[in-house]
Amino acid sequence: NAPLALVMPTMIGTTAGITKLGNGGLRLDGVNYYTGATTLSAGTIFLGVNNTIPYVSTFTMAGTSRLDLNAFDQVLSQLSGAGDITNNSGTGKTLTFGLNNANTTFNGRFLAYNDSVLASVNATKIGSGSFGLTGGDSTSTGTFIINGGAVTYSGTASTAFGSNIINQTGSLILDNTGTNENNRLGGLLKALTVAGGEFKIQGNA
């Protein structure tokens with residue numbers, strides 16, 4: 001993890017946003033109320049409370065960056081870009097994304113914090129927008145719930161979630177028409193529950 005370089009207090013009532021630059025760490029304390037974009041270009045953003053990033057702020061990461069849930073839950077308007085999602089806690093926490101119904105792609109990973117805390121990150125996709133996971137070997141063995149929209153794994157994307165649940169307005173598509181990736185859902189001992197949603201494999205199974 002990047003060392004913690006700065007702690008930022010609450011931002012209230014502004015149309016400004018946050019762009020995180022540099023390799024250090026930034027912890028966001030307090031529930032913020034800004035409407036501009038949140039851009040994680042480098043280093044690590046640590047959550048300081050639940051939902052410190054406003055749900056109205058679009059969230060984008062770059063490939064060398066990391067979002068650390070830091071023992072808190074977060075609802076994001078969207079998840080896009082690239083990078084790593086992790087949680088330096090012994091208790092699994094949940095990243096929920098898709099609230100703004102935008103179509104986004106993410107060339108990144110959902111990572112277990114270490115070998116003794118494998119289920120550190122859970123993910124929930126909400127909203128009607130599509131979400132494309134296009135790369136990265138994720139290692140968190142938490143739970144992935146698709147409550148809305150189409151989620152597509154393509155490229156070299158694979159996850160290790162122990163439980164994958166597709167609810168009524170959601171769908172999960174494993175797209176092997178371009179790159180044929182084996183075990184996109186992690187292989188043996190992984191659960192897939194289709195609870196009214198849709199599951200598709202395109203190309204080779």
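**Entry 1: the whole chain**

I started with burial, and buried residues make up 47% of the 205 residues in the protein chain. For the cut-offs, buried is under 20% relative accessible area, exposed is over 50%, and partly exposed lies in between, with a 1.4 Å probe and protein chains only. A note on what I'm looking at: this is a predicted model, where local features need pLDDT of at least 70, side-chain atom pairs count only at pLDDT 80 or more, and totals for chains, interfaces and linings use all residues. Residues are numbered from 1 along each chain as its sequence is written, and side-chain values use heavy atoms, leaving out hydrogens and water.

Next I looked up secondary structure and got 0 helices and 19 strands for the protein chain. Both are DSSP runs numbered from the N terminus: H or I over at least four residues for helices, E over at least two for strands.

Then overall dimensions. The radius of gyration of the protein chain is 16 Å, which agrees with the value near 17 Å for a compact globule of 205 residues. That radius is taken over C-alpha atoms, and the globule rule is 2.2 Å times the number of residues to the power 0.38. Along the principal axes, the C-alpha atoms fill a box of roughly 50 × 35 × 30 Å.

For the surface, I have about 8,600 Å² exposed by the protein chain, with carbon and sulfur atoms supplying 52% of it. The areas come from the Shrake-Rupley method with a 1.4 Å probe; for residues, only the protein chains shown count as cover.

I also checked contact range: among contacts between residues at least 6 apart in sequence, 39% join residues at least 24 apart. Contact here means heavy atoms within 4.5 Å.

**Entry 2: the core**

I went for the largest nonpolar core, which has 33 residues. Such a core is a set of buried Ala, Val, Leu, Ile, Met, Phe, Trp, Tyr and Cys residues joined through side-chain atoms within 4.5 Å. Those with the most contacts inside this one are L67, L79, I85, L95, F110 and Y153. Strand β16 (residues 143-153) gives the most to this core, with 4 residues.

I picked L67 for a closer look. Leaving out residues up to four places away in sequence, L67 touches L40, I45, L47, I53, F59, M61, D84, I85, T86 and L95.

**Entry 3: aromatic rings**

How many aromatic pairs does a search of the whole structure find? I got 4. Rings of Phe, Tyr and Trp (its six-membered ring) pair if their centres lie within 6.5 Å; planes under 30 degrees apart count as stacked, over 60 as edge-to-face, and the rest as tilted.

F97 and F131 make a tilted pair, 4.7 Å centre to centre with 55° between the planes. The pair links distant parts of the chain, 34 residues apart: F97 is in strand β12 (residues 93-97) and F131 in strand β15 (residues 131-133). F97 counts as buried at 1% relative accessibility, and F131 is buried too, at 2%.

The rings of F144 and F161 have centres 5.3 Å apart and planes at 35°, so I log the pair as tilted. F144 sits in strand β16 and F161 in the loop between β16 and β17 (163-176), so the pair ties together parts that are 17 residues apart in sequence. Both are buried, F144 at 4% and F161 at 1%. I also noted that F106, F110, F144 and F161 form one aromatic cluster.

**Entry 4: strand β12**

F97 made me look at its strand. β12 has 4 of its 5 residues buried, so it is largely enclosed by the rest of the structure. Strands pair if DSSP finds at least two bridges between them. β12 runs parallel to strand β10 (residues 74-76), with 3 bridges, and parallel to strand β14 (residues 121-125), with 5 bridges. F97 stands opposite L76, and its bridge partner in β14 is K125.

T96 is in β12 as well, and counts as buried at 13% relative accessibility. Beyond residues up to four places away in sequence, T96 touches Q74, V75, L76, T124 and I126.

**Entry 5: strand β4**

Last stop was L28, in strand β4 (residues 25-28). L28 is buried at 0%, and its C-alpha atom is 5.5 Å from that of L47, 19 residues apart along the chain. R27, also in β4, counts as partly exposed at 25% relative accessibility. R27 and T156 are 129 residues apart in sequence and 31 Å apart in space, C-alpha to C-alpha.
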